[in-house]
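Here are a few notes to help you find your way around. Have a look at the model first, then read on at your own pace.

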Amino acid sequence: MSTKLRILVPVKRVIDASLKPRINKAQTGVETKGVKFSINPFDDIAVEEAAKIKAAHKGAVEKLHAVSIGGTKAQDVLRIALAKGFDTSTLVDVGEQDVEPLQVSKILQKVVEKDNFNLVILGKQAIDDDSNQTGQMLAGLLNWPQATNASEVVIEGDSVTVTKEIDGGAETVKAKLPLIITTDLRLNEPKFVTLPKMMKAKKKPIETLKPEDLGVSVEQRLKVLKLEEPPVRKAGIKVKDVDELVAKIKELI
Amino acid sequence: MMINPTSRAVFGLRVNLSRCLKSIPRLPSRSYSQKVVPLTKETYPSTVRNQAFASLSSDDIGEFKKILSDKNVLTDASDLEFFNEDWMRKYRGESKCVLKPQTTEQVSQILKYCNEKQIAVVPQGGNTGLVGGSVPVFDEVILSLANMNKIRSFDNVSGIFKLDAGVILEIADQYLAEQGYIFPLDLGAKGSCHVGGNVACNAGGLRLLRYGSLHGSVLGLEVVLADGTIVDSMHSLRKDNTGYDTKQLFIGSEGTLGVITGVSILCPARPKFTNIAFLGLESYEAVQHCFTQAKNELGEILSAFEFMDEDSQDLARKFIKQTHPLEESYPFYVLIETSGSNKEHDDAKLETFLESSMENGIVCDGTVAQDEAQLKTLWYWREGVSEASTIGGGVYKYDVSIPLKDLYSLVEAARERLEEANLIGETDDFPVLRVIGYGHIGDGNLHLNVAVRRYTKEVEKCLEPFVYEWISEHHGSISAEHGLGFQKKNYIGYTKTENEIKVIKQLKNLYDPNGILNPYKYV
């Protein structure tokens with residue numbers, strides 16, 4: 001392989017995917033107090049994939065780096081990446097502020113440029129806001145090719161073949177590095193992190209930066225006016241027999 | 001922030017895999033072996049039908065149909081199959097009639113009638129019992145509580161929860177979860193078992209370590225006696241010292257003294273944050289050290305401490321068909337659950353505990369759940385063992401209490417004995433597939449399971465009374481939480497003294513003089 005791989009994986013700390021989110025009293029967002037947070041599952045898949053690439057291409061991978069944009073607690077999700085074999089990590093500390101996809105992309109652009117990464121693997125979307133924009137906008141800002149919704153990634157030298165999930169089937173694309181890949185569910189099954197690795201990860205470095213250090217300001221450009229639950233579905237009715245069912249259907253037609 | 005329900009739902013397809021696995025109902029698990037379950041009376045010819053009991057006539061069915069609506073009196077052979085057979089596929093009765101009352105009054109009328117006519121009755125909840133206690137032995141009428149499934153009331157200040165006996169445990173717990181409370185009992189069969197059945201069998205389960213036994217948490221019961229009398233203590237408060245605590249008689253009576261129709265139980269606040277560590281250990285000694293250390297260092301947040309041996313995880317691998325959480329195999333596994341109200345505090349404690357137990361060599365390897373999905377998956381590797389034990393076609397289950405230091409020796413002794421008798425092996429020639437041990441170390445409770453390809457007399461003779469004698473010698477109890485039912489009724493003497501048994505028999509004669517309630521079982 002001619003170019004050494006320098007892989008960046010952005011990870012986000014989100015409300016646990018198995019929990020049912022509740023709207024806060026002010027109806028401006030989702031209730032976060034007393035709620036369990038975990039790594040965004042699509043990002044977990046991205047982390048797993050990067051670790052798999054490192055294991056499969058020993059010597060060809062120069063560096064695995066994880067970055068998270070969030071408050072200090074986002075360190076938890078960086079530790080997972082470090083425990084899964086990442087070398088280094090960066091926390092871009094924005095406090096409790098929400099950061100919109102465009103700003104996220106701009107921050108990531110600077111991180112990529114600062115450290116010369118040539119492959120970015122990231123979740124296709126975060127399950128809290130479901131924007132599904134960051135990977136695509138990052139590709140635009142960097143002017144790199146992008147392979148979204150990946151379900152299989154094969155690396156051979158400088159070229160990467162990605163199978164993408166599309167409606168009703170799969171699409172295979174091929175591109176040369178540098179490249180952006182966004183992950184879909186079927187790409188891999190993240191493994192459990194073992195305790196010895198978790199303990200080792202505690203000793204690995206987490207660099208902390210402010211967005212200003214990267215020359216990006218994170219002002220909010222969108223305003224959430226109101227968040228509402230979807231209307232509750234009306235209860236169905238029971239019919240006594242087939243005849244009544246047929247009669248009801250006729251009424252509706 | 002916007003929530004897009006669709007993508008979350010799509011995502012759930014994968015994340016909730018473990019949940020899907022967990023909710024595999026009992027019924028399909030019966031179908032992986034097509035063998036017909038032999039009738040209990042054929043397997044155990046020494047048990048004979050008590051001829052004092054009347055055989056069911058069409059007049060009786062007619063009477064039942066006066067008490068209940070027609071659809072709640074099942075007499076069709078195909079409808080009866082599910083109720084006649086236990087989920088382990090070990091026992092099968094030949095009841096001709098299932099009654100599904102909806103009110104306590106109906107239960108009372110049914111029992112009054114049956115008592116007068118001397119018709120034997122077997123009360124049945126979710127039919128998830130493990131000792132053949134909830135299925136008929138001969139032609140007893142099955143009284144299913146499944147239609148008594150309403151939540152009566154919940155006081156969200158005191159935590160006192162009142163409900164019908166036929167409410168499914170998981171549904172009761174989900175209802176409480178919405179109110180910020182938790183049902184003080186949790187067990188593998190929660191998706192099918194009834195709270196009434198849980199109380200009747202004094203089920204212990206996974207969280208006894210934290211919330212104690214039902215003898216402490218049940219505040220009151222509504223019970224129908226054999227003659228139809230309704231004894232209602234549902235009004236009871238937490239403290240009530242006005243004489244004998246009669247409800248205690250029915251907790252663990254296995255349907256032989258009365259039929260529980262309502263339960264009032266004290267529920268604690270639901271812990272906000274739960275975490276799970278799944279560990280691999282080298283020896284049973286290490287498991288004990290790990291338990292001592294967990295009690296010392298995790299203290300008030302420790303909510304479960306479960307152990308499993310290598311063979312039990314081996315069967316679970318075959319059953320669950322997913323990658324095991326730990327890459328390598330270990331002789332023993334431990335699952336530790338912490339529950340608390342402050343995540344940072346709980347995590348820090350768990351982390352310190354795990355680090356020190358790894359450093360001092362008690363624990364070889366392990367993992368901690370990183371999210372809710374992993375948490376459920378890890379639990380499933382413990383809870384799934386019970387179902388995995390039936391993978392070969394059947395299982396002999398022994399649920400016993402033994403002083404901790406000797407707990408695992410019973411598994412080794414049983415394994416050795418079956419090996420000597422040449423009954424255990426990898427091929428179909430051997431009836432026994434595996435001897436596995438797992439359970440609630442925190443409560444000194446071992447589940448010894450002998451997974452078999454078929455039920456045979458040789459295996460049974462090899463195990464019984466050997467297992468009971470062994471337990472008696474080591475000062476244990478032959479039934480820690482499953483009850484005696486049909487399987488262990490002859491062995492009560494290994495744990496209870498003569499005078500204790502005498503008192504039990506006196507009580508039985510007093511409250512059920514005709515012996516119509518769940519005959520051939522318990523005593």
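**Notes on chains A and B**

1. A good place to start is a pair of residues in chain B: Val98(B) has Ile142(B), in strand 4 of chain B, as its bridge partner. Please keep in mind throughout that this is a predicted model. The pair belongs to a parallel match, in which two bridges join strand 2 (residues 98-99) to strand 4 (residues 141-144) of chain B.

2. Which sheet do these strands sit in, and in what order do its strands run? In chain B, four strands make up an open sheet with the order 1-2-4-3, and its pairing is mixed. Strand 1 (73-74) and strand 3 (121-124) of chain B each have a single partner strand, so one side of each has no neighbour in the sheet.

3. Chain B also holds an open sheet of five strands, ordered 5-6-9-7-8, with antiparallel pairing. Its edges are strand 5 (151-154) and strand 8 (230-232) of chain B; each pairs with a single strand, so one side of each is left without a neighbour in the sheet. From one strand to the next, the twist averages 15 degrees.

4. To look at one edge of that sheet, go to strand 7 (residues 218-225) of chain B, which runs antiparallel to strand 8 of chain B and is joined to it by three bridges. Here Val224(B) faces Ile230(B), a residue of strand 8 of chain B.

5. The UniProt record, an unreviewed entry, lists residues 91-270 of chain B as "domain: FAD-binding PCMH-type". In the model, this span is 23% helix and 22% strand, and its end C-alpha atoms are 38 Å apart.

6. Further along chain B, which residues of helix 14 (residues 310-320) are buried? They are Asp311(B), Ser312(B), Gln313(B), Leu315(B) and Ala316(B). The buried residues of helix 14 of chain B pack against several elements of chain B, among them strand 11 (302-309), strand 12 (332-340) and helix 16 (372-388). After helix 14 of chain B comes Lys321(B), with a positive phi near 55 degrees.

7. Finally, turn to where the two chains meet: 29 residues of chain A are in contact with 26 residues of chain B. On the chain A side, the elements giving two or more residues are strand 3 (37-39) and helix 5 (195-201) of chain A. Helix 5 of chain A gives the most, with four residues. By type, the residues on this side of chain A are 17 nonpolar, six polar and six charged.

Methods: Residues are numbered from 1 along each chain as its sequence is written. Chains are lettered from A and ligands numbered from 1 in the order in which they are written. This is a predicted model: local features need pLDDT of at least 70, side-chain atom pairs count only at pLDDT 80 or more; totals for chains, interfaces and linings use all residues. Two strands pair if DSSP finds at least two bridges between them. Axes are lines fitted to C-alpha atoms, for helices over the stretch in contact, and angles run from 0 to 180 degrees between N-to-C directions. Two residues are in contact if their C-beta atoms, placed from the backbone, lie within 7 Å. Ala, Val, Leu, Ile, Met, Phe, Trp, Tyr, Cys and Pro count as nonpolar, Asp, Glu, Lys and Arg as charged, and the others, Gly among them, as polar. UniProt positions are given in the numbering used here, feature names are shortened, and annotations may be inferred rather than shown by experiment. A residue is buried if 20 or more other C-beta atoms lie within 10 Å of its own, exposed if 12 or fewer, and partly exposed in between; C-beta atoms are placed from the backbone.
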